[in-house]
Amino acid sequence: MTEKNQLVNLSHTRGDEQTNVYHRIAEGGFCPFCWENFQKNHKKPLLIQTEWWIATENQWPYQGSTLHMLFVYRDHVDDPTKVAPDAWSEFYQHILPAIMKRYHINGGGIYMRFGNTNITGSSVAHFHANLIVGGEMIEQPTSEDWLTVALGYKHKEA
Ligand SMILES: [Zn+2]
């Protein structure tokens, strides 16, 4: 079990490379999404940088996705209610349309987790949004074909 207000949750990293990078960051007590650390560790090109956001591809995309974008809020906040209203309008009116155009996205999902990473399944507490695009539906799909993301843990009845 990990601490509630930690910066990195190593129980939620995916794959050896991400685990190693985040382990090193966590040992230093750093936040991987604060700019001074992000720019050192992130190897994908920064597609959009504004006063509020960094838009880039996820270095460790979800399995089965054709595109996994990260939108990292510049300030270290852990909760979307702390995001500036102007930052939201910039996100929806400028950044998201630019990414949709660049990647010719005609269907996808956006999700944002916040707060206690022991509840959300997120590896990083610093507030960020994810955009995921999957493949096309196959004939007679089953739930096995769904692209799934971790939004938390299933509640277990006592
Ligand atoms: Zn941070």
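Where does α3 bend, and by about how many degrees? The views below come from a predicted model, and the helix is taken up in the second of them.

**View 1. The whole chain holds four helices and five strands.** Along the sequence the elements follow the pattern α-α-β-β-β-α-β-α-β. The radius of gyration is 16 Å, close to the 15 Å from the globule rule for 158 residues, so the chain is as compact as a globular protein of that length. The C-alpha trace spans about 45 × 45 × 30 Å along its principal axes. Of the 158 residues, 22% count as buried. Take the contacts between residues at least 6 apart in sequence: 58% of them join residues at least 24 apart.

**View 2. Helix α3 bends at F91, by about 40 degrees.** The helix covers residues 85-102. At 1.5 Å a residue, its 18 residues should span 26 Å; the end C-alpha atoms lie 25 Å apart, which agrees. F91, the site of the bend, is buried, and so are I95 and L96. Just after α3, H104 takes a positive phi of about 55 degrees.

**View 3. The buried residues of α3 pack against three strands: β1, β2 and β3.** β1 is 46-49, β2 is 53-57 and β3 is 67-73. On the helix side, the buried residues are F91, I95 and L96. An α-helix has 3.6 residues a turn, so residues three or four places apart point the same way.

**View 4. The largest nonpolar core has 24 residues.** W53, A55, F71, V72 and I95 have the most contacts inside this core. Two or more residues come from each of α1 (16-27), β2, β3, α3 and β5 (128-133). β3 gives the most, with five residues.

**View 5. V72 touches residues from several parts of the sequence, among them F33 and H128.** Its other partners are F38, W53 and I54. Residues up to four places away in sequence are not counted. V72 and W53 are both listed among the core residues with the most contacts.

**View 6. Strand β5 pairs with β3 and with β4.** Six bridges join β3 to β5, and these strands run antiparallel. β4, residues 109-112, is joined to β5 by four bridges, again antiparallel. Which residue of β5 is the bridge partner of M69? The partner is L131. I110 also stands opposite L131. L131 therefore has M69 as a bridge partner and I110 opposite. In a regular strand the side chains alternate between the two faces of the sheet.

Note on methods:
Residues numbered from 1 in each chain as written. Predicted model: local features only at pLDDT ≥ 70, side-chain atom pairs only at ≥ 80, totals over all residues. Expected span 1.5 Å × (residues − 1). Bend = angle between axes of the 7 residues up to and from the residue. Buried ≥ 20, exposed ≤ 12 C-beta atoms within 10 Å, placed from the backbone. Contact = placed C-beta atoms within 7 Å. Rg over C-alpha atoms; globule rule 2.2 N^0.38 Å. Core = buried A, V, L, I, M, F, W, Y, C linked by C-beta atoms within 7 Å. Pairing = 2+ DSSP bridges.
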